[in-house]
Amino acid sequence: EGTSTCSGRQTMILRPLLAESENKPNDNITPVWQLVSRMESAEAEQYLLVGQPDHARVSGEMASVFSAGFLPHVDDSIARAIGAHDAGWASFPFERDLSGDPPLTDNGLPQHFMQVPLDESLSAWTGSIKAAGEISPLGEYMVSGHFSRIAKLRMQMEVDTQEDLSRLDNFIHEEEEAQERLGSRTRLQKQQLTEYVDLLQFADVLSLYLCCGSRDAAEFPQDFRGTRIQIRYEDGVYITTPSIFSETQRFQMPVRIFPSKSGEGKTRIGFHIK
């Protein structure tokens with residue numbers, strides 16, 4: 001995530017509605033975060049806006065049907081915790097129901113999730129950790145670990161003031177202390193706990209990649225027992241290698257069309273993945 005001069009407690013994942021000629025599948029494997037960043041900064045006449053709680057819900061739905069033996073075991077509570085990892089954003093009106101218009105950047109584009117001011121991020125992070133804690137100690141550990149990692153990455157980006165860096169450092173310290181307590185309650189080994197944070201972060205960026213509409217072949221950064229997962233788009237279906245599902249799955253999410261040329265502007269989109 002980065003900083004933004006925009007005001008307003010509303011952010012979202014952008015899916016630019018690009019012409020087919022601008023979004024042809026590219027088979028050259030690219031790091032997935034590079035593709036997500038590219039789509040979030042793409043200029044288009046219209047966008048589909050995806051709320052972060054909805055994106056997270058889809059990540060949990062996907063995790064619930066993972067079937068690859070090299071991935072950590074996912075039970076119902078783990079899938080629900082992954083699905084709640086951005087629940088804290090539901091306290092912000094636009095994220096909750098996609099109502100109203102999104103804030104715009106200085107160049108007139110909708111503000112996306114990688115441009116969130118620190119105050120809003122910290123509020124959403126802590127709200128998300130609390131929501132996961134209502135599911136299970138492991139769920140809280142996973143979401144706490146997820147945002148601790150994000151906070152550490154943000155500190156390395158050198159985009160914040162010294163005061164904000166201090167706040168990030170305090171957040172990391174408090175969450176790592178909480179993780180020590182939570183880890184002992186799960187009765188899992190440290191390596192297993194780390195793998196579950198990796199699993200959440202894989203499901204997170206997989207959902208982001210799908211939500212933003214990229215069709216370029218990608219590789220994910222997580223390493224599961226020596227295996228890295230790749231994905232490509234072919235004939236309307238996203239294909240993972242090695243496969244992480246036992247059969248083709250379809251997932252849906254609500255979106256808002258912006259700017260809307262007629263009517264309410266809310267609709268639903270779906271994608272197939274195997």
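**Exercise 1. Which residues does Asp 198 touch, leaving aside residues up to four places away in sequence, and is Asp 198 buried or exposed?**

*Solution.* Leaving aside residues up to four places away in sequence, Asp 198 touches Arg 149, Gln 222 and Phe 224. The structure is a predicted model, and every value in these exercises is computed from that model. The next step is to place the residue, and Asp 198 is found in helix H8, which runs over residues 190–212. The last step is to compare its accessibility with the cut-off: a residue is called buried under 20% relative accessible area, and Asp 198, at 15%, therefore counts as buried.

**Exercise 2. Work out what span helix H8 should have at 1.5 Å a residue, and compare this with the distance between its end C-alpha atoms.**

*Solution.* Begin with the length of the helix, which is 23 residues. The expected span is 1.5 Å times one less than the number of residues, and for H8 this comes to 33 Å. The end C-alpha atoms of H8 are 33 Å apart, so the expected span and the distance in the model agree. Turning to its surroundings, H8 is mostly covered, since 18 of its 23 residues are buried. After the helix comes Gly 213, which has a positive phi near 85 degrees.

**Exercise 3. Repeat the span calculation for helix H5 (residues 118–133), and then find which helices its buried residues pack against.**

*Solution.* Helix H5 has 16 residues, and at 1.5 Å a residue they should span 22 Å. Its end C-alpha atoms are 22 Å apart, so here too the two values agree. For the second part, list the residues of H5 that are buried, among them Leu 118, Leu 122, Trp 125 and Ile 129. The buried residues of H5 pack against helix H6 (137–156) and helix H7 (162–186).

**Exercise 4. Where do Pro 242 and Ala 42 lie, and which residues does each of them touch, not counting residues up to four places away in sequence?**

*Solution.* Take Pro 242 first, which sits in the loop between strand E6 (237–241) and strand E7 (249–258). With a relative accessible area of 32%, Pro 242 is partly exposed, and beyond its sequence neighbours up to four places away it touches Phe 70, Thr 227, Arg 228 and Ile 229. Although Pro 242 and Ala 68 are 174 residues apart along the chain, their C-alpha atoms are separated by 8.1 Å.

Ala 42, in turn, belongs to the loop between helix H1 (32–40) and strand E3 (47–50). Its relative accessible area is 17%, and Ala 42 is therefore buried. Again not counting residues up to four places away in sequence, Ala 42 touches Pro 16 and Tyr 47. The C-alpha atoms of Ala 42 and Leu 14, which are 28 residues apart along the chain, are separated by 9.0 Å.

**Exercise 5. Which residues does a cis peptide bond join at Pro 242 and at Pro 259, and what is the sign of phi in Arg 187 and Arg 225?**

*Solution.* Start from the usual case: most peptide bonds are trans, and most residues other than glycine have a negative phi. Against this background, the bond that joins Thr 241 and Pro 242 is cis, with omega about -10 degrees. The bond from Phe 258 to Pro 259 is also cis, with omega near -10 degrees, and Pro 259 lies in the loop between E7 and strand E8 (266–273).

For the second part, Arg 187 has a positive phi of about 65 degrees, and this residue lies in the loop between H7 and H8. Arg 225 has a positive phi near 55 degrees, and its place is in the loop between strand E4 (218–219) and strand E5 (230–234). A residue is exposed over 50% relative accessible area, so Arg 187, at 78%, counts as exposed, and Arg 225, at 63%, counts as exposed as well.

**Exercise 6. How many helices and strands does the protein have, and how does its radius of gyration compare with the globule rule?**

*Solution.* The secondary structure comes to eight helices and eight strands. The radius of gyration is 18 Å, close to the 19 Å given by the globule rule for 274 residues, so the protein is as compact as a globular protein of that length. Buried residues make up 53% of the 274 residues. Finally, of the contacts between residues at least 6 apart in sequence, 76% join residues at least 24 apart.

Definitions and conventions. Residues numbered from 1 in each chain as written. Predicted model: local features only at pLDDT ≥ 70, side-chain atom pairs only at ≥ 80, totals over all residues. Heavy atoms only, no water. Helix = DSSP H or I, 4+ residues; strand = E, 2+ residues; numbered from the N terminus. Buried < 20%, exposed > 50% of the residue type's maximum accessible area, 1.4 Å probe, protein only. Contact = heavy atoms within 4.5 Å. Rg over C-alpha atoms; globule rule 2.2 N^0.38 Å.
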